[in-house]
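Morning, everyone. Let me put the chain up on the screen, and then I'll walk through a few parts of it.

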Amino acid sequence: MGTAHQPSHKGGTRYEVSYSNPWRIHERRETRFRRGVLQVAPTGVRISNRIAIVIAVLILKKMTASTPTILALDFDGVICDGLIEYFEVSWHTYCQVWCPANETPPDDLAAKFYRLRPVIETGWEMPILIKALLEGIEEENILQDWETIAKKILQEDHLNSTELSSKLDKTRDDWITRDLNGWLGLHRFYPGVVEKIQATLASYSLYIISTKEARFVQQLLSQQGIILSSEKIFGKEVKRPKHEILRELIQAADTSPEIWFVEDRLKTLQLVKQQPDLEDVKLFLADWGYNTSSEKATAQHDSRIQLLSLSQFAKDFPMNYARSY
Ligand SMILES: [Mg+2]
């Protein structure tokens with residue numbers, strides 16, 4: 001086949017694309033123009049087949065970049081709402097540690113605890129949050145300065161986070177052993193999420209990255225008919241931050257994977273964002289989870305983090321759902 005050839009009457013540099021190899025571009029410089037006979041002289045700018053293939057692959061990659069190869073989901077606040085269970089387990093753990101005279105929580109305590117759940121990263125902080133509320137620390141202060149407040153309470157009461165964490169997990173384990181159905185019944189899966197996960201499992205490699213123990217996650221998912229092998233669930237027991245787990249997923253993949261990570265804790269996403277080697281991981285803040293309105297507003301103005309609603313997630317995510325970065 002020949003080349004697309006249409007004489008220009010304006011002269012200057014012209015580019016011609018070969019139909020037999022559309023990536024081979026000839027640059028020809030017209031030596032005479034605005035005359036009856038066009039004379040051209042090849043100037044030697046030619047793209048080799050190898051470079052043409054590389055360009056084609058890059059273009060194809062860009063075209064298919066709107067879907068991930070790995071979908072990584074947080075559990076609490078993205079898949080499952082466990083607020084009632086958190087409060088119950090935290091209150092029982094608080095009672096073991098601080099031995100209050102009255103083991104019935106004040107009426108307004110649960111509502112305050114639910115409002116402040118966004119400050120919690122890991123389970124051991126939850127009984128500390130109850131202690132902070134009972135000490136009368138203002139909710140606004142807790143929202144603004146939780147890390148300092150939590151550390152101060154740990155130090156003043158000679159506690160350590162590992163022990164507190166073990167106590168909380170033991171409370172949870174005892175409850176599961178005693179009354180599995182009662183414990184499962186305190187959890188609510190967000191509408192449409194179970195169906196989305198089941199549909200996703202067939203098309204994408206799905207991982208759960210949680211700060212909850214993996215065995216609890218597995219228990220809750222299996223109750224919904226979602227069977228995930230233990231290597232697909234990274235829980236608190238791996239003792240590594242979520243960005244390190246994302247890094248490991250990339251390192252373990254045969255080819256460079258396209259990872260999308262959905263998380264409801266803004267600070268966790270911001271930490272991923274700070275890792276230069278994770279710049280290709282797409283980040284989504286689940287706006288239905290445990291985050292505040294100011295955190296949602298921050299995400300909305302962040303060029304890297306995309307705010308995601310539950311209806312978007314349940315409907316057309318991840319297919320056809322990517323902002324151009
Ligand atoms: Mg979460």
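**A walk through the chain**

Right after helix α5 comes His158, and its phi is positive, near 50°. Before I go on, a word on the source: this is a predicted model, where local features need pLDDT of at least 70, side-chain atom pairs count only at pLDDT 80 or more, and totals for chains, interfaces and linings use all residues. Residues are numbered from 1 along each chain as its sequence is written.

When I say helix or strand, I mean DSSP runs numbered from the N terminus: H or I of at least four residues for helices, E of at least two for strands. Counted that way, the chain has 13 helices and eleven strands. Buried, for me, is 20 or more other C-beta atoms within 10 Å of a residue's own, exposed is 12 or fewer, and partly exposed is in between, with the C-beta atoms placed from the backbone. By that count, 30% of the 325 residues are buried. A contact is two C-beta atoms, again placed from the backbone, within 7 Å. Take the contacts between residues at least 6 apart in sequence, and 57% of them join residues at least 24 apart.

Back to α5, residues 139-156. How far apart are its end C-alpha atoms? Only 20 Å for 18 residues, short of the 26 Å a straight helix would reach at 1.5 Å a residue; that expected span is 1.5 Å times one less than the number of residues. There's also a kink of about 100° in α5, centred on Asp145. The bend there is the angle between axes fitted to the seven residues ending at a residue and the seven starting there. The buried residues of α5 are Trp146, Ile149 and Ala150, and they pack against α4, residues 125-134.

Now the sheet. It's open, has six strands, and runs β8-β7-β4-β9-β10-β11 with parallel pairing. The edges are β8 (233-234) and β11, each with a single partner strand, so one side of each has no neighbour in the sheet. Pairing here means DSSP finds at least two bridges between two strands.

Let's zoom in on β10, residues 282-286. Is it buried or exposed? Five of its five residues are buried. Lys282, Phe284 and Ala286 point one way, Leu283 and Leu285 the other. On one flank, β9 (residues 259-263) pairs with β10 in the parallel sense over four bridges, and Val262 has Phe284 as its bridge partner. β10 also pairs with β11, residues 305-308, in the parallel sense over four bridges. There, Phe284 stands opposite Gln306, and Leu283 stands opposite Ile305.

The connections come next. β9, helix α11 (residues 266-273) and β10 form a right-handed β-α-β unit, and β10, helix α12 (residues 293-300) and β11 make a right-handed one too. Right-handed means that, with the strands pointing away from the viewer, the path from the first strand over the helix to the second runs clockwise.

Next up, α10, residues 242-252. Lys242, His243 and Leu246 are buried in this helix. They cover an arc of only 105° around the axis, which puts them on the same side of α10; the arc is taken from the directions from the helix axis to the C-beta atoms. Turned away from that buried side is the face carrying exposed Gln251 and Ala252. What do the buried residues of α10 pack against? Their partners are β4 (70-73), β7 (205-209), β9 and α11.

His243 is a good one to click on. It counts as buried because it has 21 C-beta neighbours inside 10 Å. Leaving out residues up to four places away in sequence, His243 touches Leu271, Val272, Gln275 and Leu278. The C-alpha atoms of His243 and Gln270 are separated by 9.8 Å, with their positions 27 residues apart along the chain.

One last stop: Leu184, in helix α7, residues 180-184. Leu184 has 15 C-beta neighbours inside 10 Å, so it counts as partly exposed. Skipping residues up to four places away in sequence, Leu184 touches Leu220 and Gln223. Leu184 and Gln219 are 35 residues apart in sequence and 8.6 Å apart in space, C-alpha to C-alpha.
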